[in-house]
Amino acid sequence: MPHETVIECPFCKRNVVKTLKFESFLQAERTHISAGTKYVYHRTSEKYEVLDKCPNCGKTKEEIQKALDTGITKELSHEGRLKRLKESGLPTKIVSKREMKKRP
Ligand SMILES: [Zn+2]
């Protein structure tokens, strides 16, 4: 069941964003093979629905949701991020977390 949880804001990296978390779960899928029916399990990915704007940097929930949907979160693999960025037509250069934290 989905439950409320606080996650890291993809913009300011503070754990202050209220979201509704949908846990990943195993889903059974029936496939028909010559010998009969076989169940194949695959794991759905967990999802977050942003409930409120970021109280720290003021990004709206729409902006945070978009950032989560386009994969600017630590949960996603590097490859997953590249794929999603390509699909959404954004530049494919990924700025690493370390680089983003660098301050003059
Ligand atoms: Zn923020």
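A nonpolar core here is a set of buried Ala, Val, Leu, Ile, Met, Phe, Trp, Tyr and Cys residues joined through C-beta atoms within 7 Å. Buried, in turn, asks for 20 or more other C-beta atoms within 10 Å of a residue's own, exposed means 12 or fewer, and partly exposed is what falls in between, with C-beta atoms placed from the backbone. What you're looking at is a predicted model: local features need pLDDT of at least 70, side-chain atom pairs count only at pLDDT 80 or more, and totals for chains, interfaces and linings use all residues. Residue numbers start from 1 along each chain as its sequence is written.

**View 1. The whole protein, from the N terminus on.** The protein has 3 helices and 5 strands. Both come from DSSP runs numbered from the N terminus: H or I over at least four residues for a helix, E over at least two for a strand. Read along the chain, the elements go β-β-β-β-β-α-α-α. Of the 104 residues, 11% count as buried. Now for contacts, meaning pairs of residues whose C-beta atoms, placed from the backbone, lie within 7 Å. Take those between residues at least 6 apart in sequence, and 37% of them join residues at least 24 apart.

**View 2. The largest nonpolar core.** Who's in it? The core has 7 residues: Cys9, Val17, Tyr48, Val50, Cys54, Ile64 and Leu68. Two elements, β5 (47-50) and α1 (61-69), each give two or more residues to this core. Zoom in on Val50: setting aside neighbours within four places in sequence, Val50 is in contact with Val17, Thr19, Lys61, Ile64, Gln65 and Leu68.

**View 3. The open sheet of 3 strands.** Its strand order is β1-β2-β5, and the pairing is antiparallel. Why is one side of β1 and of β5 left without a neighbour in the sheet? Both stand at the edges with a single partner strand each, so one side of each has no neighbour there. From one strand to the next, the twist averages 50°; axes are lines fitted to C-alpha atoms, for helices over the stretch in contact, and angles run from 0 to 180 degrees between N-to-C directions. Helix α1 packs on the sheet, where it touches β2 and β5, and its direction makes about 165° with that of β5.

**View 4. Strand pairing inside that sheet.** As a reminder, strands of a sheet pair through backbone hydrogen bonds, either parallel or antiparallel. Two strands are called paired once DSSP finds at least two bridges between them. β1 and β2 pair in the antiparallel sense over 6 bridges, with Val6 matched to Lys18 in β2. Strand β2 (residues 15-22) also pairs with β5, again antiparallel, over 4 bridges. Across that seam, Lys21 stands opposite Tyr48, and Phe22 stands opposite Lys47.

**View 5. Lys13 in the hairpin of β1 and β2.** Look in the loop between β1 and β2 for Lys13; this hairpin has 6 residues between the strands. Most residues other than glycine have a negative phi. Lys13 isn't a glycine, yet has a positive phi of about 60°. Lys13 counts as partly exposed because 14 other C-beta atoms lie within 10 Å.

**View 6. Pro2, ahead of β1.** You'll find Pro2 in the segment before β1 (3-8). With 13 C-beta neighbours inside 10 Å, Pro2 also comes out partly exposed. Apart from neighbours within four places in sequence, Pro2 is in contact with Leu20, Lys21 and Phe22. Pro2 and Tyr48 sit 46 residues apart in sequence, while their C-alpha atoms are 9.0 Å apart in space.

**View 7. The hairpin of β3 and β4.** These two strands form a hairpin with 2 residues between them. Strand β3 (residues 26-33) runs antiparallel to β4, and 8 bridges join the two. Leu26 has Arg43 in β4 as its bridge partner. How many residues of strand β4 (residues 36-43) are buried? Of its 8 residues, the count is 0, so-called hardly covered.

**View 8. His42 on strand β4.** His42 lies in strand β4 and is exposed, because 8 other C-beta atoms lie within 10 Å. Not counting residues up to four places away in sequence, His42 touches Gln27 and Glu29. From His42 to Gln27 is 15 residues in sequence and 5.5 Å in space, C-alpha to C-alpha.

Terms used:
Contact = placed C-beta atoms within 7 Å.
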